[in-house]
Amino acid sequence: MIFPLSSTMEFSVAAGLGLAVVLGFGFGFCLERAGFGSARKLTAVFYFYDMAVVKVMFSAIVTAMVGLFALSAIGTLDLAELYLEPTSLAAQALGGLVFGAGFIMGGYCPGTAIAAIATGRKDGLAFALGMLAGVYAYAELTPGIETWIKATAQGEMTLPSITGVSMGWFALAFVAFLLFAAWGMGRLEDRFAGLRPQS
Amino acid sequence: MAHSMAQGRFATDRPAASAARPYWNPYLVGILLGLVLLATYLVTGRGLGATGAFSSVAAAIAGAISPEHVAANAVHAKYWNDGAPLASWTLFLLGGALVGAFVSGLAGGRVRWSVERGPQVSDGGRLALALAGGFVAAYGAKIAKGCTSGQALTGGSMLNVGSLVFMLAVFAGAYGLAYFVRKEWL
């Protein structure tokens, strides 16, 4: 097993942060190329006239999933060495609803706000400042939520681990679903094209 | 080709700049983004993230005011990093993202000082909603232990059940509220 590299080698702090900048460059480049520095492009998905958010996210997830599965299948990657955020169904359901509300109100999510700032959008900056205030307030006002999340957590849980079906079958199913969804999203965009801003 | 249409997508209060070029094909960018995510997994054993960077900055601010307070606060303490909260991996990731997005935007002629909004809301109203939305989204990300990057993309690709639940909940929350804030966008 060669990967993940972090399991066999120790990066110095400087090397680790340097890698973060390099990977971040790719991350930010992709987000902006997709149009995700634009709040109207991002929120368009919620009015169905431009489904780019789902197209990009879905194909990114499927690409990484297929890659992870393929590399582990040929024995170069140890999936067990990858960090997995413990599942807390209540926390992720509630947090997701709140996050979604903030997303449609503010027009961005944390990563895309950075792409917005990079391309000169003052509303992206406002969103980032709001986020900073939000994480600060969370730490100061409601640190007890952390205890609740821990107490209600189910622990590490993946679809393969709870169903016993291999990751490869899920990857295949996701690819098939993406192809079907791509067709469906095209239909949806045609139907709601009238909402597309002309100005 | 789809030149005028592409301009319309990020038009703001002023007429669209004529130099802006269309974005790339979403499926192509998605595959590239997936490869960045895969590379991050292969190198670091963890995926991408974004919200943690904001938590690190918050811890740094709290620490500048009072280090004792940070030590006593369970949330800040997690991001204190032995007194160097700004030497955070996710913060440097976002630093790189800022540069990467700027380079992409510059190459596409899309860097412009502006407030992005629909025609039915004022600049001030849009900025206030962006600020409030950021606050709410941050709270949601803290509760869910991750955002679109850390949960949806990173966890989703590992078929993490919590991440998939998060993703469905995000879309449910946003679609549920979309009608009520339509004037901000359409």
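In the predicted model, the elements of chain A run α-α-α-α-α-α-α-α-α from the N terminus on, so that, with helices defined as DSSP runs, the chain contains nine helices and zero strands. Along its principal axes, the C-alpha trace of chain A spans about 55 × 45 × 35 Å. Of the 199 residues of this chain, 51% count as buried. Among the contacts in chain A with a separation of 6 or more, 69% are accounted for by residues that stand 24 or more positions apart in the sequence.

Within chain A, the packing of one pair of helices may be described in detail. The axes of H1(A) and of helix H5, which comprises residues 110–118 of chain A, come within 9 Å and cross at roughly 75°. Because crossing angles of 65 to 115 degrees count as roughly perpendicular, H1(A) and H5(A) are therefore described as roughly perpendicular to each other. On the side of H1(A), the residues that take part are Gly28(A), Leu31(A) and Glu32(A), and these meet Gly111(A), Thr112(A), Ile114(A), Ala115(A) and Ala118(A) in H5(A). By class, the residues of this contact between H1(A) and H5(A) divide into four nonpolar, three polar and one charged.

The contact between the two chains involves 113 residues of chain A and 112 residues of chain B. Helix H1, formed by residues 13–33 of chain A, gives the most to the side of chain A that touches chain B, contributing 18 residues. When that side of chain A is sorted by class, it has 72 nonpolar, 30 polar and 11 charged residues.

The largest nonpolar core has 122 residues, and those with the most contacts inside it are Cys30(A), Leu68(A) and Ala113(A) from chain A, together with Leu37(B), Leu93(B) and Ala138(B) from chain B. Helix H3 of chain A, which covers residues 52–73, gives the most to this core, with 13 residues. From chain B, the core draws at least three residues from each of domain 1 (1–114) and domain 2 (117–186). In soluble globular proteins, nonpolar side chains tend to be buried together.

Leu68(A), one of the core residues with the most contacts, illustrates how a single position can touch both chains: when residues up to four places away in sequence are not counted, Leu68(A) touches Leu77(A) and Leu79(A) in chain A, as well as Leu38(B), Tyr41(B), Ser157(B) and Met158(B) in chain B.

Notes:
Residues numbered from 1 in each chain as written. Chains lettered and ligands numbered in written order. Predicted model: local features only at pLDDT ≥ 70, side-chain atom pairs only at ≥ 80, totals over all residues. Contact = placed C-beta atoms within 7 Å. Helix = DSSP H or I, 4+ residues; strand = E, 2+ residues; numbered from the N terminus. Nonpolar A, V, L, I, M, F, W, Y, C, P; charged D, E, K, R; others polar. Core = buried A, V, L, I, M, F, W, Y, C linked by C-beta atoms within 7 Å. Buried ≥ 20, exposed ≤ 12 C-beta atoms within 10 Å, placed from the backbone. Domains from an automatic or database assignment. Axes fitted to C-alpha atoms, helices over the stretch in contact; angles between N-to-C directions. Parallel < 35°, antiparallel > 145°, perpendicular 65-115°, else oblique.
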